[in-house]
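Hi everyone, thanks for having me. Please pull the structure up on your screens, and we'll walk through it together.

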Amino acid sequence: MSVSSLVLWDGAYGGVSLGPMTWMMNAVTRAMEVAGSLHAGVFNVGIATGDWGGRLAA
């Protein structure tokens, strides 16, 4: 894998994961722990859904 593709992947994934987290932390100043937990939960559901869909497709 080339360095340019790794840099591209890092930029794309970094924007996807850090963008919503930054937005939520700025929007919710009194419940940052809850916002962080919800953010992690949504990502876990997305990973589980992708895994489930991949198993059905295989």
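Let's start with one residue, D51, which sits in helix α2. Before we go on, keep in mind that this is a predicted model.

So, is D51 buried, partly exposed or exposed? With a relative accessible area of 40%, D51 counts as partly exposed, because that class covers values between the 20% limit for buried and the 50% limit for exposed. To get a feeling for distance along the chain, look from D51 back to A35: they are 16 residues apart in sequence, and their C-alpha atoms are separated by 24 Å.

Now, which side chain does D51 meet in a salt bridge? The partner is R55, and the N to O distance is 3.2 Å. That fits within the 4 Å cut-off for a salt bridge. The count for this model comes to one salt bridge, so please take a moment to find that pair on your screen.

Where do the two partners stand in the helix? D51 and R55 are four residues apart in helix α2, so about one helical turn separates them. R55 is exposed, at 62% relative accessible area, while D51 is partly exposed, at 40%.

Let's zoom out to the helices. Helix α1 covers residues 3-27 and helix α2 covers residues 32-57. How do their axes meet? The axes come within 9 Å and cross at roughly 150 degrees. An angle over 145 degrees counts as roughly antiparallel, and therefore α1 is roughly antiparallel to α2. As for the hand of the crossing between α1 and α2, it is right-handed.

Next, turn to helix α1, where you'll find Y13. Which residues join Y13 in a nonpolar surface patch? They are W9 and V16, and together the three make a patch of about 370 Å². Y13 itself has a relative accessible area of 42%, so Y13 is partly exposed.

Finally, let's follow the chain past helix α2. A58 lies in the segment after α2. Is A58 buried or exposed? A58 is exposed, with a relative accessible area of 88%. And if you look from A58 to T29, 29 residues away along the chain, their C-alpha atoms are 43 Å apart.

To recap: we have a salt bridge between D51 and R55, two helices that are roughly antiparallel, and a nonpolar surface patch made by W9, Y13 and V16. Thanks for listening!

Notes
Residues are numbered from 1 along each chain as its sequence is written. This is a predicted model: local features need pLDDT of at least 70, side-chain atom pairs count only at pLDDT 80 or more; totals for chains, interfaces and linings use all residues. Side-chain values use heavy atoms; hydrogens and water are left out. Patches are made of residues with over 30% relative accessible area and no salt bridge: like charges are joined within 9 Å, nonpolar side chains (Val, Leu, Ile, Met, Phe, Trp, Tyr) within 5 Å. Accessible areas come from the Shrake-Rupley method with a 1.4 Å probe; for residues, only the protein chains shown count as cover. Buried means under 20% relative accessible area, exposed over 50%, partly exposed in between (1.4 Å probe, protein chains only). Axes are lines fitted to C-alpha atoms, for helices over the stretch in contact, and angles run from 0 to 180 degrees between N-to-C directions. Angles under 35 degrees count as roughly parallel, over 145 as roughly antiparallel, 65 to 115 as roughly perpendicular and the rest as oblique. A crossing is left-handed if the near helix is turned anticlockwise from the far one by less than a right angle, and right-handed if clockwise.
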